[in-house]
Amino acid sequence: MDGLGRGCWIEHVGLRTGVDVPISIGRSLAPLSCGAELWHSANLPTKPHTQAAPPGADGRFVELVREWWPEVARDLPWRASRDPWEVLVSEVMAQQTQVDRVIPKWKAFLKRFPTVETAAAATAGELIELWDGLGYNRRALNLHRCAETVVADYEGEFPETVAELMALPGIGPYTARAILAFAFEHDVAVVDTNVGRVLARLNARTLSANEAQGLADELVPTAAGWEWNQAILDFGAMVCTKRSPECSQCPARSVCKWSGEGADPAVGSAGVSSTQAVFAGSDRQARGELVRQLRSGPVLVVDVAEVFGFDDTERTNRVLRSLFRDGLVVEEDGRLTLP
Ligand code: SF4
């Protein structure tokens, strides 16, 4: 996967480094060289904005990226939406899942759950059923809990502050700011793995979380938060990529302090993903397989070891307990089902 983390859907429930979720939750994004679709929608500017950018090299970086972006912006259907529920679903799905796989799932999910009220009225199991093929099923569970809270505590209207959004189940600092920037068009900065990587390279040094967020905040042009955040996300996904940054063709090369020379300062920098653990044979694979089979119907507890592919009773029990603890599986009379 190239590129990481649209924030971390499960970070707020204390599982950011949990058993089956890496430290950074990622989105894989197709680089420009592999034929990413271009977008020329009314949602995008047709020429660079003229608002004053901050002074200095960072201000020039903003100008260069904003000049580059309108012609290459990716065609992502959620960019046409300002509905916080639709934006939230896109952000949650895009964590750890390639964006081209997310698009049809996002459309199908919103067809079944077009509003936060419809999701809140469903069972968690119904959301998990529609999560088939996306992986990391806890994201669906947290989405359901979030919908229930927004309906119960906010009468179905998402709050518009970072603090209130982060108090919702499963929403961390990235997702809170993404809702504010992409649904409400506030001038806040999102820092996912792409943005974290770009900022570290631009400054030629590894950044702390506070430094990365502070630098990102300073870049946001006045009254252009939506556009700027989309532009820098695309820049990180298409030009300043994880494995092969296109420095020789980079529109911001003149203001970049790293430019591909020497050790990559993005490694270990805030928000930047680390390598994912091997999936085959992992507990995560076993958990996913049981949930996959539960989408088709109940599974007997006595059959779980076979579903997991384990011949180790202790490991089977441990993994099954983790599914109970997360609320992804319930048991009654020796039969397991989705919640
Ligand atoms: S010059 Fe290279 S490292 Fe610097 S911003 Fe551009 S692509 Fe990234």
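**Helix H3**

I started with helix H3 (residues 99-112) and compared its length with expectation: at 1.5 Å a residue, its 14 residues should span 20 Å, and the end C-alpha atoms are 20 Å apart, so the two agree. I then looked up which residues of H3 are buried, and found Val99, Val102, Trp106, Phe109 and Leu110. I asked what covers the buried residues of H3. The cover includes helix H2 (84-94) and helix H5 (124-130).

**Confidence**

I note here that this is a predicted model. I looked up the mean pLDDT of the chain, which is 84, with 82% of the residues at 70 or more. Going through the elements, I found the lowest mean pLDDT, 87, in helix H1 (residues 56-68). The highest, 98, belongs to helix H4 (residues 116-121). I also checked residues 1-56, where pLDDT stays under 50. For that stretch the model has 152 contacts beyond four places in sequence.

**Whole chain**

I counted the elements next: the chain has 14 helices and 3 strands. Of its 339 residues, 43% count as buried. I took the contacts with a separation of 6 or more and asked what share joins residues 24 or more positions apart. The share is 70%.

**Sheet**

I traced the strands and found that the 3 of them form an open sheet, in the order S1-S3-S2, with antiparallel pairing. Strand S1 (299-300) and strand S2 (330-332) are the edge strands, each pairing on one side only. I followed S2 to strand S3 (residues 335-337) and found an antiparallel pairing over 3 bridges. I looked up the bridge partner of Glu331 in S3, and it is Leu336.

**Positive phi**

I turned to the backbone angles with a general expectation in mind: most residues other than glycine have a negative phi. Glu155 is not a glycine, yet its phi is positive, about 50°. I located Glu155 in the loop between helix H6 (138-154) and helix H7 (162-166). Is Glu155 buried or exposed? I found 8 other C-beta atoms within 10 Å of Glu155, and the limit for exposed is 12 or fewer, so Glu155 is exposed.

I recorded Ser259 as well, a residue other than glycine with a positive phi near 55°. Ser259 sits in the loop between helix H11 (225-238) and helix H12 (283-294). For Ser259 I found 17 other C-beta atoms within 10 Å. Burial takes 20 or more and exposure 12 or fewer, so Ser259 is partly exposed.

**Asp283 and Thr316**

I placed Asp283 in helix H12. Asp283 has 17 C-beta neighbours inside 10 Å and therefore counts as partly exposed. I then looked at Asp283 together with Thr316: they are 33 residues apart in sequence. In space, their C-alpha atoms are 9.2 Å apart.

**Ligand shell**

My last entry concerns the ligand, which has 15 residues around it. I asked which of them come nearest. They are Cys240, Pro245, Cys247, Cys250 and Cys256. I sorted the residues of the shell by character and got 10 nonpolar, 2 polar and 3 charged.

Notes: Residues numbered from 1 in each chain as written. Predicted model: local features only at pLDDT ≥ 70, side-chain atom pairs only at ≥ 80, totals over all residues. Near = placed C-beta within 6 Å. Nonpolar A, V, L, I, M, F, W, Y, C, P; charged D, E, K, R; others polar. pLDDT = per-residue confidence, 0-100. Helix = DSSP H or I, 4+ residues; strand = E, 2+ residues; numbered from the N terminus. Contact = placed C-beta atoms within 7 Å. Expected span 1.5 Å × (residues − 1). Pairing = 2+ DSSP bridges.
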